[in-house]
Amino acid sequence: MTQSLDAYLILASLLFTIGTFGFLARRNAIAMLMSIELMLNAVNLAIVAFGAYVPTLAEDGALIALFVMAVAAAEATVGLAIIIAIYRNRRTPLVDEYASMRE
Amino acid sequence: MPFFTEAPETVATAGSSLDQALVLALLALPLAGFGLTALVGRRMGDKAWAIAVPAIVLVWLAALYLIFQTLVAGAYGEAGLHFRLYEWIPAGDFTVEVDFGVDALTAVMLIVVTTVGMLVHVYSIGYMAHDPGRWRFFAYLNFFMFSMLLLVLADNFLLLFVAWELVGLSSYLLIGFWYRRRSAALAAKKAFIVNRAGDFGFGLGIMAIWTTVGTLDYSDVFQLLPAQVESGAIEGWQMTGICLLLFAGAIGKSAQFPLHVWLPDAMEGPTPVSALIHAATMVNAGVYLVARANPLFAQSPEALLVVALVGTFTCVMAAAIAFTQKDIKRVLAYSTLSQLGYMFMALGVGAFVPAIFHLVTHGFFKGLLFLGSGSVIHAVHEEQDMDRMGGLWRRIGITHVTMLIGSLAIAGIPPLAGFFSKDEILGESFKLGFGWVWAIGIIVAVMTALYMFRLMGKTFYGPSNVDPHTEPRIHESPISMTGPLMLLAVPSVLIGFALGWPPESGLIHQWLAPVFHPLEEALHHGAADYQLLGIDGFLLGASVAVSAVGMVVAWRLFGFLSTMAPRPALVASLTARLNGPYRISRDKWYFDDLNHLLFVRVGGAVARALWWFDVHVIDGAVNGVASLTQGTGHGLRQIQTGRVQNYALGIAGGLLVIAVGYLFIVAR
Amino acid sequence: MALPQTIPFLGWSWDDLIFLVLAGLMLGGAVMVVIGRNIIRSGLFMILSFAALAGFYVLLGAPIVAAAQVLIYIGAISVLILFAIMLTQSKAGPSRLVFHHQAWAGAIAAIGLASLLVLVVLSTDWPAQVGQGTAAGTTAVAQLLFSEYVLAFEVVSVLLLAAVIGGVFLAKREESLDPGERAGDEPTLGRNQSPPVQADGRPSASTPRQVSGSARSTTAISERP
């Protein structure tokens, strides 16, 4: 009953929306980054679940998940570097105080 | 001369290239005089006239030659001398050439324009001797001569219109010559603006002519338009419309009712200007225009009736106003209006030759009177109020005698110039069946004599009312001023007899007969014999008699020489008894007030309403668009917070909307 | 050790129990990441959530993915994020307001999104489920990676190199370019001059730590895949 593609996909959906909410609602830039990681992981979970339940996709799903992780690592690297650079200028990690895109 | 393009077949070529060169010299000399005087006149000091006046004298000599060739020698035939300088506007079907023509009408106009112009130039040497801006004055005066000569020499309507506007401009410049004086600047503006009203009609008339016949050349228009009327291509009312539009221009330039208001105010200009422009030349342009367009007016009796009505009304009205004015130049100005009314009256009844005849004689004696008034004003130190003159006739003898001649001439006392021309106008109108015109003309003749000798009496006779301070310093004007007066007095005496005798078949009739041939033909005027002992003698006697009566009454009231003393008490009691008419006359029939009400009050209110409309609706629409954009931008700018999360929320919301929309609308 | 086939009293299979426990850990951890006031705790809960996810991968028969999840997410990214947290915590401490003022709108959007996704998942007729038998064998994955996906593999390596360079470049401290960096700095100071040693020594003390911290963390990631 519990272990079905539906269950995994719903789980992934919930994780994704939690990440979405975090990205939309948190003020801290690093918390936003963590939310993004959560969303990426939700996607990964869905991919692996598809791989597990669709026989032709078993290895491909795992591989795509690995690629996603690699890209996520790159994203985290650059994202954190940007946050640190901004923090150094602004002395705050709070995103809603970054409004220079407005000008 | 390779300078001139070969005249096409349609333009009759007569006269040698010397004659053509002289026609061009008529224009080039004043224009060069204007340019040179404007450039170097300021440095010439009190010799500022040294270019301008000789230029006009040369023009006068050249004009004399051309007049002789045209009128006496008949060197150019009936059609006159026509030639083309160059093609001005070659725009597809629309071509306008700079064509000049000298025919009998132009030659007669040249007599007045160049002679009076030359004398006024000479007179100005003395009159303007002490004015620091005299170089400007002479430059303007030359410019006016150029414009006026272009006006009479032009051989198509567009060139005529250009000259028409140029004389308006020079008139504006000269009226406002003393531009520091507010009244002068206002008068110049008034003249210009009132003229614009007429010019607007004139311009429309020219456009109507072009759209109807596709050409603006005099000879073509005068052949094609009547032909079209006869063939039924255009209706009679269209012809009348064209004529009335042209006449609107004439009304403006010749200061006829209802556009007459600018001329009295134009007396703010220097007196030579009043003599030249506002008596002898420019104001005659309207008469010239109607006379020039006589083949058109011949097709439209209705238009001629309007001309007659306007002329008659102006004639009476102006004479009535002239009774009560105190400013010597204003009296003369209203007198000019009245005499121009006579001319239009004559044109309206179809007596074109007498109209032009009166134009010529009036040009001379009114020029004389104006120059004389300038001499008087000069003598009493720039005083123009006739109540502060009097008894001058012994002090400034030459001026007095010449002005007396002018007054007798304008009053129509034989054998002076005015008698012949005025008598012809009255006689012809009676014989052409316009009894009412004749009756009014006779009344105006009485009034003319009356107001002219009122002017003479108040100025020259009776006790002196001159300011005691200036009294001892009254002096006769220098020879440069009295000379032109005397020279003008000669034609004022003789020209009527010279041109108008025998009556109705004098020289001027012979000269102008070819010009007005189409008119005579169209109106079917019977060539009645002149009967000195019949109807004509009676009419002549009547007009002389009423003029004499008016003159004698004026003598009794305002004095004459030393024989009659003025009776101010009688004048006062008459004035009191006729208080109503007196006030109407003194206040110029309230036309200025009417105009003020109509155009300043009502027009101002309308303009303010339009202004309001413009500001609030037109500008409001434009500004509204701007502020709408600005407001939208301002509103949208609020969305551009620069905060990533706001944008991300937008993305999430958009995703939701699209997904829900897809699920519930498209996928269903 | 012999375990009963089903959980006593409940009658569930053990897999189900594991699934539920893992799901609870993962979602609970994620929620704590999102709503936690203390950012460091958020990071730690994220590690918990990632670990539960690794369990799911094992459950789904993808051990290689599970291993990578532990190594990359827990070992590298989480540590990197924790370092970043430590670097960016201002002295003012955790902010009074955890959430943005648009949080309510974000919540509505998130709930809407969740219900939409669940609706879609439930209403979709997925292909026949074969069950747990199709485990992604490590050997098969490796062969696929170096045969069919070799181009993507190379591209990812280039991407990671670019990320390393970008990370270093972005986080590198530009000397005296940003005046906000040096407290009490005179604005007249020339751009190319080396910063004078401050009396309190705070900037000069903080500078090498930041640079070394970010540089070290980026290199740590880049070694990983």
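Helices (H or I, at least four residues) and strands (E, at least two) are DSSP runs, numbered from the N terminus. The structure described here is a predicted model, in which local features need pLDDT of at least 70 and side-chain atom pairs count only at pLDDT 80 or more, while totals for chains, interfaces and linings use all residues. Residues are numbered from 1 along each chain as its sequence is written, chains are lettered from A and ligands numbered from 1 in the order in which they are written, and side-chain values use heavy atoms, with hydrogens and water left out.

## The chains

The table below treats chains A, B and C in turn. Buried means under 20% relative accessible area, exposed over 50% and partly exposed in between (1.4 Å probe, protein chains only). Contact means heavy atoms within 4.5 Å.

| Chain | Helices and strands | Residues | Buried residues |
|---|---|---|---|
| A | three helices, zero strands | 103 residues | 72% |
| B | 26 helices, two strands | 668 residues | 55% |
| C | seven helices, zero strands | 225 residues | 39% |

Along the sequence, the elements of chain A follow the pattern α-α-α, and those of chain C run α-α-α-α-α-α-α from the N terminus on. In chain A, 61% of the contacts between residues at least 6 apart in sequence join residues at least 24 apart. For chain B, 79% of the contacts between residues at least 6 apart join residues at least 24 apart. In chain C, residues 24 or more positions apart account for 54% of the contacts with a separation of 6 or more.

## A helix pair between chains A and C

Axes are lines fitted to C-alpha atoms, for helices over the stretch in contact, and angles run from 0 to 180 degrees between N-to-C directions. Helix H3 (residues 58-90) of chain A and helix H6 (residues 150-171) of chain C have axes that come within 9 Å and cross at roughly 10°. Angles under 35 degrees count as roughly parallel, over 145 as roughly antiparallel, 65 to 115 as roughly perpendicular and the rest as oblique. H3(A) and H6(C) are therefore roughly parallel to each other. On the side of H3(A), the residues in contact include A:Phe67, A:Val71, A:Ile82 and A:Arg88, and on the side of H6(C) they include C:Phe153, C:Leu159, C:Gly167 and C:Ala171. By class, this contact of H3(A) with H6(C) has 16 nonpolar, two polar and one charged residues. In these classes, Ala, Val, Leu, Ile, Met, Phe, Trp, Tyr, Cys and Pro count as nonpolar, Asp, Glu, Lys and Arg as charged, and the others, Gly among them, as polar.

## Helix H8 of chain B and the loop after it

Within chain B, the axes of helix H8 (residues 236-253) and helix H13 (residues 301-322) come within 9 Å and cross at roughly 25°. H8(B) and H13(B) are therefore roughly parallel to each other. Their crossing is right-handed; a crossing is left-handed if the near helix is turned anticlockwise from the far one by less than a right angle, and right-handed if clockwise. From H8(B), B:Thr240, B:Cys243, B:Leu244, B:Phe247 and B:Ile251 meet B:Glu302, B:Ala303, B:Val306, B:Val307 and B:Val310 of H13(B). The contact of H8(B) with H13(B) has eight nonpolar, one polar and one charged residues by class.

Most residues other than glycine have a negative phi, and most peptide bonds are trans. B:Ala255, in the loop between H8 and H9 of chain B, has a positive phi of about 55° although it is not a glycine. B:Ala255 counts as buried, at 0% relative accessibility. A cis peptide bond with omega of about 5° joins B:Phe257 and B:Pro258, and B:Pro258 is found in the loop between H8 and helix H9 (262-265) of chain B.

## A buried leucine in helix H3 of chain B

B:Leu110 is found in helix H3 (residues 104-127) of chain B and counts as buried, at 0% relative accessibility. Leaving aside neighbours within four places in sequence, B:Leu110 is in contact with B:Leu26, B:Ile67, B:Thr115, B:Leu149 and B:Val152. B:Leu110 and B:Ile67 are 43 residues apart in sequence and 7.3 Å apart in space, C-alpha to C-alpha.

## Aromatic rings

Rings of Phe, Tyr and Trp (its six-membered ring) pair if their centres lie within 6.5 Å; planes under 30 degrees apart count as stacked, over 60 as edge-to-face and the rest as tilted. A search of the whole structure finds 28 aromatic pairs over all chains. The rings of B:Phe434 and B:Trp436 have centres 6.4 Å apart and planes at 65°, so this pair is edge-to-face. B:Trp436 counts as partly exposed, at 36% relative accessibility. The rings of B:Phe460 and B:Tyr461 have centres 6.4 Å apart and planes at 50°, so the pair is tilted. B:Phe460 counts as buried at 0% relative accessibility, and B:Tyr461 is buried with a relative accessible area of 2%. One aromatic cluster is formed by A:Tyr8, A:Tyr53, C:Phe19 and C:Phe56.
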